[in-house]
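Trainee: Could we go through this structure together, beginning with its sheets and then turning to its internal space?

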Amino acid sequence: MMQLEDFKAARSVLSGVIRPTPLVHSTAFSKTTENHVYIKPENLQVTGAYKIRGAYYKISTLTQEEKDRGLVTASAGNHAQGVAYAAQHAGVSATVVMPTTTPLVKVNNTKDYGANVVLRGATFDDAAELAAQLSETEGYTYVHPFNDPVLATGQGTIAYEIFSDLPDVDIILVPVGGGGLAAGVSTLAKLLNPNVKVIGVEPTGAASMRASLEAGHIVTLPGVDTIADGVAVKTPGDKIFPYIQQNLDGVLTLDDGELVDAFLDMMEKHKMIVENAGLLTIAALKHLGCKGKNVVPILSGGNMDVITVASLVQHGLVRRGRVFTFSVQLPDRPGELVRVAELVAGLNGNIIKLEHNQFVNINRQAGVELRVTLEAFGMSHKAEIMDALQNAGYDAKEVMPGNLYD
């Protein structure tokens, strides 16, 4: 049972272990949503995610015999680092099974905390199967990443800090994967103020919790497909599901494309790196359908490798029309390239990449291909440039840009 006394005990254990993550008022998001938005930046937490809370508290409650057997867990990354960190501090060995698709930064950080890392399967559920087997065959103590009320109690301490910083909070947004964070935060939030609304947010490609709530029992999805690897869970936790049924006020589901937009917003408006799972709550802000409320989106983590960061930046700029590429056939004669460049410059387009291919046609007199990638101010500016090219007699067509970092 997750009672108020349990949350108090967890808060006491975690005092001095976790890093304070005070709420950050977002002028930008408050303006666009017409609410008062205060970000809970758990991406700045020890190990880069909230998971240290539950892992550390859970391990603190184990008996010495359970610790001496060694620990095992499965994780897409953040729980892995939390267990590895807590095990290292407790002087306990830990084996962590991670999907082969786990970002390298999470794998390396887990190893750096002293854990033995095993890569298995394409999803969390594949890794969890092996972790359960190792617990049986090797006798390791299994520290589940979400399906444990004790672990969820540790995660729920986030609610104490939210209410301390913003006593009159109206809505708390929580990313949902297996359900541990949502169960802990929603349960404690309702204990502190039954009137506060706690809303979970899932990607549409891994909406196992919403499916389970609609069915009234745990549902296993046939597969998951989302860029939010931290919440790519096919089966929610049955042990924490009753708490979610009782305390969560609903679940929003969002397409991955919205996470790309949210990533750009967080980088440009708050200078923060937030992983895709943590961006769910930022993307959800525009879907609340209310005004004037005090809203706290929890940013669950910030562990993202630089290759993914680069990809998200590029895709985000393309989605917003701030970077685009056009292709045009030019006569093979001097001055044509300059003419196009001057037209673009005259409209304040900034060329960042250019490819002039004379070998696109066997007969060069038929024309050469010019591909231009440029920066624009947005969709309307992009349309203005494309219209100007057409009006100048160029049959310009938009094409997908290549890698901007080549």
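**Sheets and cavity**

Mentor: In this predicted model, an open sheet of four strands pairs in the antiparallel sense and has the order 12-13-11-14.

Trainee: Which strands stand at the edges of the sheet with the order 12-13-11-14, each with a single partner strand?

Mentor: An edge strand has one partner, so one side of it is left without a neighbour in the sheet. From one strand to the next, the twist of this sheet averages 30°. The strands that stand at its edges are strand 12 (350-357) and strand 14 (397-399).

Trainee: Which residue in strand 13 stands opposite Glu355?

Mentor: Strand 12 and strand 13 (residues 368-375) run antiparallel and are joined by seven bridges. Within this pairing, the residue of strand 13 that stands opposite Glu355 is Arg371.

Trainee: Helix 15 and helix 16 both pack on this sheet; what angle does the direction of each make with that of strand 11?

Mentor: Helix 15 (residues 336-346) touches strand 11 (323-330), strand 12 and strand 13, while helix 16 (residues 379-391) touches strand 11, strand 13 and strand 14. Taking the direction of strand 11 as the reference, the angle is about 145° for helix 15 and about 5° for helix 16.

Trainee: In the open sheet with the order 5-4-3-6, what is the handedness of the crossover from strand 4 to strand 5, right-handed or left-handed?

Mentor: The four strands of that sheet have parallel pairing, and strand 4 and strand 5 are joined over four bridges, with Val97 standing opposite Val118 in strand 5. Between these two strands the chain passes through helix 6 (residues 104-112), and this β-α-β crossover is right-handed.

Trainee: Which helix packs on the sheet by touching strand 3, strand 4, strand 5 and strand 6?

Mentor: Strand 3 (residues 71-74) runs parallel to strand 6, with two bridges between them, and Val72 stands opposite Tyr142 in strand 6. The helix that touches these strands as well as strand 4 (94-98) and strand 5 has a direction at about 160° to that of strand 3, and it is helix 7 (residues 124-138).

Trainee: Which element gives the largest share of the lining of the largest cavity?

Mentor: The largest cavity holds about 320 Å³ of space and is lined by 28 residues, with Tyr50, Lys51, Gly177, Gly230 and Val231 nearest its centre. The elements that give two or more residues to this lining are helix 5 (78-90) and helix 9 (180-192). The largest share, three residues, comes from helix 9.

Note on methods. Residues are numbered from 1 along each chain as its sequence is written. This is a predicted model: local features need pLDDT of at least 70, side-chain atom pairs count only at pLDDT 80 or more; totals for chains, interfaces and linings use all residues. Side-chain values use heavy atoms; hydrogens and water are left out. Two strands pair if DSSP finds at least two bridges between them. Contact means heavy atoms within 4.5 Å. Axes are lines fitted to C-alpha atoms, for helices over the stretch in contact, and angles run from 0 to 180 degrees between N-to-C directions. On a 1 Å grid over the protein atoms alone, a cavity is a set of points where a 1.4 Å probe fits but cannot get out, and a pocket is an open set with protein on both sides within 12 Å along at least five of seven lines; lining residues have an atom within 4 Å of a point. Grid points are joined across faces, edges and corners, and a volume is the space filled by probe spheres set on the points. A crossover is right-handed if, with the strands pointing away from the viewer, the path from the first strand over the helix to the second runs clockwise.
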